Amino acid sequence: DTTVAMGTERSAVIPKGHLVLVGTESAMFDPEKFPDPDEFRSDRPLEDYIHFGVGLHQCFGRHIGGIVIPAVLKELLKLDGLKRSDTEGELKYDGAFPDHLYVEFAAKQP
């Protein structure tokens, strides 16, 4: 047997041999670590986020995404008339992860 969160009100004994599933995404909604967890806050330290894993279990895509995503967004945000889609304008989530957001833009006329 082992005890997790020992010394806290969340302390629990896990019997030896039991299967444990850990919801790491929910950790990013812990108000003790993330004040106002349901709000967009650009001032949070990046190292507090665990979307791409942590330590030895980091996703290699973290490094690729860190370059590609800002480059694509930079060009997208330069478009004149960029706005959320009138029909699909809500940001959709897959668990804690943003899944998609439809946008529209008015192309420049020649």
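**Salt bridges, fold and backbone of the chain**

Lys78 and Glu75 form a salt bridge in which the closest N and O atoms are 3.3 Å apart. Lys78 is exposed, because its relative accessible area of 51% lies over the 50% limit. Glu75, at 46%, is partly exposed. The model is a predicted one, and a search of the whole structure finds 5 salt bridges.

A further salt bridge joins Lys83 to Glu104, with 4.0 Å between the closest N and O atoms. This pair links distant parts of the chain, since Lys83 belongs to strand β3 and Glu104 to strand β6 (residues 103-104), and the two residues are 21 positions apart. Both partners are partly exposed: Lys83 has a relative accessible area of 39%, and Glu104 has one of 29%. Elsewhere, Asp36, Arg41 and Asp43 are joined into one network by salt bridges that share partners. Within this network, the closest N and O atoms of Asp43 and Arg41 are 3.0 Å apart. Asp43 is exposed, with a relative accessible area of 54%, whereas Arg41 is partly exposed, at 24%.

Asp36 also stands out in its backbone: its phi is positive, about 55°, although the residue is not a glycine. Asp36 is located in the loop between α1 (24-27) and α2 (61-77). With a relative accessible area of 40%, Asp36 is partly exposed. A positive phi, near 55°, is found for Ala5 as well, again in a residue other than glycine. Ala5 is part of the loop between β1 (2-4) and β2 (12-14). The relative accessibility of Ala5 is 31%, so this residue counts as partly exposed.

The chain contains 2 helices and 6 strands. Read from the N terminus, the order of the elements is β-β-α-α-β-β-β-β. Strand β3 (residues 83-84) includes Arg84, which counts as partly exposed at 46% relative accessibility. Arg84 and Glu104 are 20 residues apart along the chain, yet their C-alpha atoms are separated by 6.1 Å. Apart from neighbours within four places in sequence, the contacts of Arg84 are Gly89, Glu90, Leu91, Leu101, Tyr102, Val103 and Glu104. Glu104 is thus a contact of Arg84 and the salt-bridge partner of Lys83.

For the chain as a whole, the radius of gyration is 20 Å, against a value near 13 Å for a compact globule of 110 residues. Taken along the principal axes, the box filled by the C-alpha atoms is roughly 70 × 30 × 25 Å. Of the 110 residues, 7% are buried. Among contacts with a separation of 6 or more, 15% are between residues 24 or more positions apart. The accessible surface amounts to about 9,500 Å², and carbon and sulfur atoms contribute 59% of that area. There are 12 positive and 19 negative side chains, and the centres of these two sets are 6 Å apart.

Notes
Residues numbered from 1 in each chain as written. Predicted model: local features only at pLDDT ≥ 70, side-chain atom pairs only at ≥ 80, totals over all residues. Heavy atoms only, no water. Helix = DSSP H or I, 4+ residues; strand = E, 2+ residues; numbered from the N terminus. Buried < 20%, exposed > 50% of the residue type's maximum accessible area, 1.4 Å probe, protein only. Rg over C-alpha atoms; globule rule 2.2 N^0.38 Å. Contact = heavy atoms within 4.5 Å. Areas by Shrake-Rupley, 256 points an atom, 1.4 Å probe, with all protein chains shown as cover. Lys, Arg positive; Asp, Glu negative; His and termini not counted. Charge placed at Lys NZ, Arg CZ, Asp CG, Glu CD. Salt bridge = Lys/Arg side-chain N within 4 Å of Asp/Glu carboxyl O.
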